[in-house]
Amino acid sequence: MDAGDTKVGKEMDTGKTYSERLMAFAMGLDYGRIPAATIEAAKFHMLDALGVALASSRSDTAATVTATANCLGGRPDCTVVGRAERYPAPAAAFVNASMCHTPDYDDTHGGSVIHPSCVVVPVALAVGEERGVTGKEFLTALVAGYEILLRIGLSAPGKFHRNGFHPTGACGAFGSAVVASRLGGLKQEAAVHAMGIAGSFSSGLLEFLSDGSSAKRVHPGWASYGGIFATLLAGNGLTGPRTVFEGPNGF
């Protein structure tokens with residue numbers, strides 16, 4: 001997904017770190033600058049993700065992740081697709097994202113080999129519902145999340161898989177942090193820290209391929225949860241490395 005003249009590389013201060021530049025784009029993106037075709041694509045992919053989640057809302061995985069979310073407690077602020085349960089935003093995003101990915105029919109971006117919608121859509125739905133955002137705010141955050149998540153994946157196309165990592169999980173926490181920072185009302189400085197913190201939640205191994213275990217289904221769930229949690233931590237004062245991507249021990 002490409003936001004036309006809103007491309008990440010345009011009008012950026014190249015003296016900034018990668019996370020500072022990415023978050024400057026995400027937090028400064030204006031709905032009016034997003035091409036109509038991009039908005040329509042975001043809506044289409046959102047509906048696709050909701051359809052897949054609905055189809056798996058009575059699956060064994062749905063029962064597992066909702067039972068797990070029940071153990072976490074918290075305020076029932078946010079909706080789960082196709083089910084009566086309600087959870088705090090991080091847990092709702094975890095459940096919805098896991099259901100989106102369970103049948104493996106969710107969208108795939110060919111270049112990065114990332115399933116983007118199963119991460120960014122559940123985060124936008126949960127944080128957006130919690131915050132009561134407008135449709136335009138929702139879609140702007142969604143487009144920013146797609147744009148940055150996929151660009152991170154495209155930085156090393158194919159290399160995540162070759163090194164044993166599932167890029168949807170490994171990169172997903174960053175996309176989640178983008179959406180949650182934008183909809184959660186973080187200042188840009190805190191959003192940069194959220195991105196740095198999200199790097200510590202980046203995960204997703206391909207070892208499930210060895211025995212066919214079901215852990216893969218929750219990779220986007222954890223990415224969604226981790227990005228929102230990173231945003232909450234940053235909003236409450238925790239700092240993350242600005243060089244989370246290019247640093248000597250960075251992503």
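Here are some numbered notes on this predicted model, for someone meeting it for the first time.

1. Ground rules. Because the model is predicted, local features need pLDDT of at least 70 and side-chain atom pairs count only at pLDDT 80 or more, while totals for chains, interfaces and linings use all residues. Residues are numbered from 1 along each chain as its sequence is written, and side-chain values use heavy atoms, with hydrogens and water left out.

2. Cysteines. If you go looking for disulfides (pairs of cysteine sulfur atoms within 2.5 Å), you'll find 0. Cys-71 is in none, and the nearest cysteine sulfur, in Cys-78, is 19 Å away. Cys-118 has its closest cysteine sulfur in Cys-100, but at 6.6 Å that is too far for a bond. On accessibility, Cys-71 is exposed with a relative accessible area of 68%, whereas Cys-118 is buried at 0%. The cut-offs are under 20% relative accessible area for buried, over 50% for exposed, and partly exposed in between, using a 1.4 Å probe and protein chains only.

3. Helix H3. Helices here are DSSP runs of H or I with at least four residues, strands are E runs of at least two, and both are numbered from the N terminus. H3 covers residues 60–72, so to speak 13 residues, and reaches 19 Å from its first C-alpha to its last. That is close to the 18 Å expected at 1.5 Å a residue, the expected span being 1.5 Å times one less than the number of residues. Just after the helix comes Gly-73, with a positive phi near 70 degrees.

4. The two sides of H3. Which residues of H3 are buried? They are Thr-61, Ala-62, Val-65, Thr-66 and Ala-69. Looking down the axis of H3, these buried residues fall within an arc of 120 degrees, so they line one face of the helix; the arc is that of the directions from the helix axis to the C-beta atoms. That buried set packs against strand E2 (86–87) and helix H4 (89–101), where contact means heavy atoms within 4.5 Å. Asp-60 and Cys-71 are exposed on the other side of H3.

5. Thr-102. This residue sits in the loop between H4 and H5 and is buried, at 14% relative accessible area. Setting aside neighbours within four places in sequence, Thr-102 is in contact with Ser-56, Ser-59, Thr-61 and Arg-217. Thr-61 also appears among the buried residues of H3.

6. Two positive phi values. Most residues other than glycine have a negative phi. Have a look, then, at Asp-104, which is not a glycine but has a positive phi of about 65 degrees. Val-113 also has a positive phi, near 55 degrees, and is likewise a residue other than glycine. Asp-104 lies in the loop between H4 and H5, and Val-113 is found in the loop between H4 and H5 too. Asp-104 is partly exposed at 39% relative accessibility, and Val-113 is partly exposed at 32%.

7. Thr-168. You'll find Thr-168 in helix H8 (residues 167–183), buried at 0% relative accessibility. What does its side chain reach at 2.9 Å? The partner is the backbone nitrogen of His-115, a polar contact (N or O atoms within 3.5 Å; within protein, one must be able to donate a hydrogen and the other to accept it, and residues adjacent in sequence count only if both atoms are side-chain atoms). Not counting residues up to four places away in sequence, Thr-168 touches several others, including Val-113, Cys-118 and Pro-220.

8. Aromatic pairs. The whole structure has 7 of them. Rings of Phe, Tyr and Trp (its six-membered ring) pair if their centres lie within 6.5 Å; planes under 30 degrees apart are stacked, over 60 edge-to-face and the rest tilted. Phe-174 and Phe-251 have ring centres 5.0 Å apart and planes at 75 degrees, so they are edge-to-face. This pair links distant parts of the chain, with Phe-174 in H8 and Phe-251 in the segment after helix H10 (219–235), 77 residues apart. Phe-174 is buried at 0% relative accessibility, while Phe-251 is partly exposed at 38%. Ring pairs also link Phe-160, Phe-174, Phe-245 and Phe-251 into a cluster.

9. A pair within H10. Tyr-225 and Phe-229 both lie in H10, 4 residues apart, about one turn of the helix. Their ring centres are 6.1 Å apart with planes at 25 degrees, so this pair is stacked.
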